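These are my notebook entries on a structure that I had not examined before. I set down what I looked up, one topic at a time.

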Amino acid sequence: MRMVDLIKKKRDGLPLSKDEIEFIINGYTTGDVTDYQMSALLMAIYFNDMIDEEITWMTTAMSQSGDMIDLSAINGIKVDKHSTGGVGDTTTLVLAPLVASVGAKVAKMSGRGLGHTGGTIDKLEAIPGFKVELENDEFIKFVNESNVAVTGQSGDLAPADKKIYALRDVTATVDSIPLIASSIMSKKIASGADAIVLDVTTGDGAFMKSLEDAERLAHTMVRIGHLANRQTMAIISDMSQPLGNAIGNANEIKEAIDALKGNGPEDLMQMVYTLGSQMVVLAEKADTLEEARQLLEDSVASGKAADKFKEMIRNQGGDDSVVDFPEKLPQANYNIEVPAKKSGIISKIVADQIGVAAMLLGAGRRTKEESIDYAVGLILNKKVGETVFEGESLVTIQSNRENVEDVLKVIYDNIEIGEVGEEPVLIHKIITE
Ligand code: URA
Ligand code: CA
């Protein structure tokens, strides 16, 4: 087999076979296929797309390119949740302990943030002492005993994806549905969960700007999951504005604690109960979504959910007293209010740009090497559809520097106040096949 012939085949719009796709992925992982050949192929895929079979073969080959995590030592159905990316997305922090508190097993591998999106692992590190790099046997022990553990990606998970993703980043081939679907699902499959709940985000803050593309991506990933024998479903959610009110690290831990006690922002609670109910049903801890939701609401009301978060923090070496005393989390030196320049209705809050504003403060990293200031971030005091009066605070900037002119400019440029504005629909669709 010659790579040049396979590039030509894809260039001419023909589907590749299983053997051909394995040849490409294995060859690229070992270095036998060069970057320039792979770049040409990725561009051909970008323009000519792939059929479901090709995407599935590609996903399988990438998932098998490195370690396959074996979670069989954990009793019961392991559920995982993944989001295609958002700003201020506190959902995983709430869901992991909440779903575990009603008996589902959550063995969660999470990532760090880059650019305008935050990562769950960074947020957890805002808790004093919290350890995010767990040994495999510790990870399994905590999930068996406490139903939950969250760890950074360990070992050599889907190295083919790592290499291809880096190449896509510099060849303008990131926003391709078959490439995104195979990238995400290869890691989910390699990390060993039995059931996968996907949150496919759409809007300014997301990869998929249109609902139509988000739907295609969701269907594609769900079908790949099923073909790989994993129970898989997806919701399509709005990420035109950030989720909840807090965008940062320590402030999102505080927001998660509020949510676990039933006092979270409305949109975050809606996401949590929708995704959480699906996870509980997939884990066979309830027969219907209604029953699952009731279990989750009861757990929040009784304090069980917050207690589970304490247990998870304790297991992983953190100070669990932050759950009752969130002021023990890192705090910024300055709280700076951003007053509205006129009265009206909030018509737009551009999610990715608000993520950039938080990154400028130090809540996120521009490059993989940068470090994070856990204490800083933004609190949105108004969301789309709310009325605001001139002089009222739109946002609270939590900063460790006094001069925040650059951040103010980004905020003012990306929050629009108009005559009309409606609260956006948060959950567009539920995709099960
Ligand atoms: N997240 C991934 O892991 N891969 C993509 O291609 C896009 C988002
Ligand atoms: Ca949030």
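**Entry 1: strand β3**

I began with strand β3, in a model that is predicted. I asked which of its residues are buried on each face. On one side I found Val148, Val150 and Gly152, and on the other Ala149 and Thr151; every one of these is buried, and both faces are thus recorded as covered. The strand spans residues 148-152, and the tally for it is 5 buried residues of 5.

I then looked up the pairing of β3. Strand β2, residues 105-110, runs parallel to β3, and the two are joined by 5 bridges. Within this pairing I noted lysine 108 opposite valine 150 of β3.

**Entry 2: asparagine 147**

I looked next at asparagine 147, which sits in the loop between α7 (136-146) and β3. Its phi is positive, about 75°, although the residue is not a glycine. Is asparagine 147 buried or exposed? I entered it as buried, because its relative accessibility is 13% and the cut-off for buried is under 20%.

**Entry 3: glutamate 284**

I looked up a further residue with positive phi. Glutamate 284, likewise not a glycine, has a phi near 60°. I located it in the loop between α12 and α13 (289-302). Glutamate 284 counts as exposed, because its relative accessibility is 58% and exposed means over 50%.

**Entry 4: the calcium ion**

I asked which protein atoms are the donors of the calcium ion, ligand 2. They are the O atoms of Gly88, Leu243 and Ala246, OG1 of Thr90 and OE of Glu255, at 2.3 to 2.6 Å from the ion. Along the chain, I recorded their spacing as G-x1-T-x152-L-x2-A-x8-E. Two of these donors, threonine 90 and glutamate 255, link distant parts of the chain, being 165 residues apart. I placed threonine 90 in the loop between β1 (78-83) and α5 (91-101), and glutamate 255 in helix α11, residues 250-260. Both threonine 90 and glutamate 255 are buried.

**Entry 5: aspartate 267**

Aspartate 267 belongs to helix α12, residues 266-282. I counted aspartate 267 as buried, because its relative accessibility is 16%. What does its side chain meet in a polar contact? I found the side chain of lysine 383, at 2.6 Å. Setting aside neighbours within four places in sequence, I listed the contacts of aspartate 267 as Pro242, Leu243, Gly244, Lys383 and Leu426. Leu243 in this list also appears among the donors of the calcium ion.

**Entry 6: ligand 1**

I asked which residues surround ligand 1. I listed Tyr165, Arg168, Ile180, Ser183, Ile184, Lys187 and Phe207. I then looked up the polar side-chain atoms. One of arginine 168 lies 2.9 Å from an oxygen atom of the ligand, and one of serine 183 lies 2.6 Å from a nitrogen atom of ligand 1. For lysine 187, a polar side-chain atom lies 2.4 Å from an oxygen atom of ligand 1. On its own, ligand 1 has 240 Å² of accessible area, of which the protein covers 90%. Two or more residues of the shell come from each of α8 (159-169) and α9 (177-190). The largest share, 4 residues, is that of α9.

**Entry 7: helix α15**

Helix α15 covers residues 351-361, and I found it mostly covered, with 8 of its 11 residues buried. The buried ones are Ala351, Asp352, Ile354, Gly355, Ala357, Ala358, Met359 and Leu361. Against which elements do they pack? I noted the strands β6 (246-248), β8 (344-349), β9 (377-380), β11 (393-399) and β12 (415-418), together with helix α16 (405-414). After α15 comes glycine 362, with a positive phi near 115°.

**Entry 8: phenylalanine 309**

I closed with phenylalanine 309, which lies in helix α14, residues 304-315. I recorded phenylalanine 309 as buried, because its relative accessible area is 1%. Neighbours within four places in sequence left aside, it is in contact with Leu93, Pro97, Leu124, Ile127, Ile257, Leu260 and Val323. I also looked up how phenylalanine 309 stands to lysine 123: the two are 186 residues apart in sequence, and 14 Å apart in space from C-alpha to C-alpha.

Key
Residues numbered from 1 in each chain as written. Chains lettered and ligands numbered in written order. Predicted model: local features only at pLDDT ≥ 70, side-chain atom pairs only at ≥ 80, totals over all residues. Heavy atoms only, no water. Donors = N, O, S within 2.8 Å, 3.2 Å for Na, K, Ca; no water. Buried < 20%, exposed > 50% of the residue type's maximum accessible area, 1.4 Å probe, protein only. Pairing = 2+ DSSP bridges. Polar contact = N/O pair within 3.5 Å; in protein donor to acceptor, adjacent residues only side chain to side chain. Contact = heavy atoms within 4.5 Å. Near = heavy atom within 4 Å. Areas by Shrake-Rupley, 256 points an atom, 1.4 Å probe, with all protein chains shown as cover.
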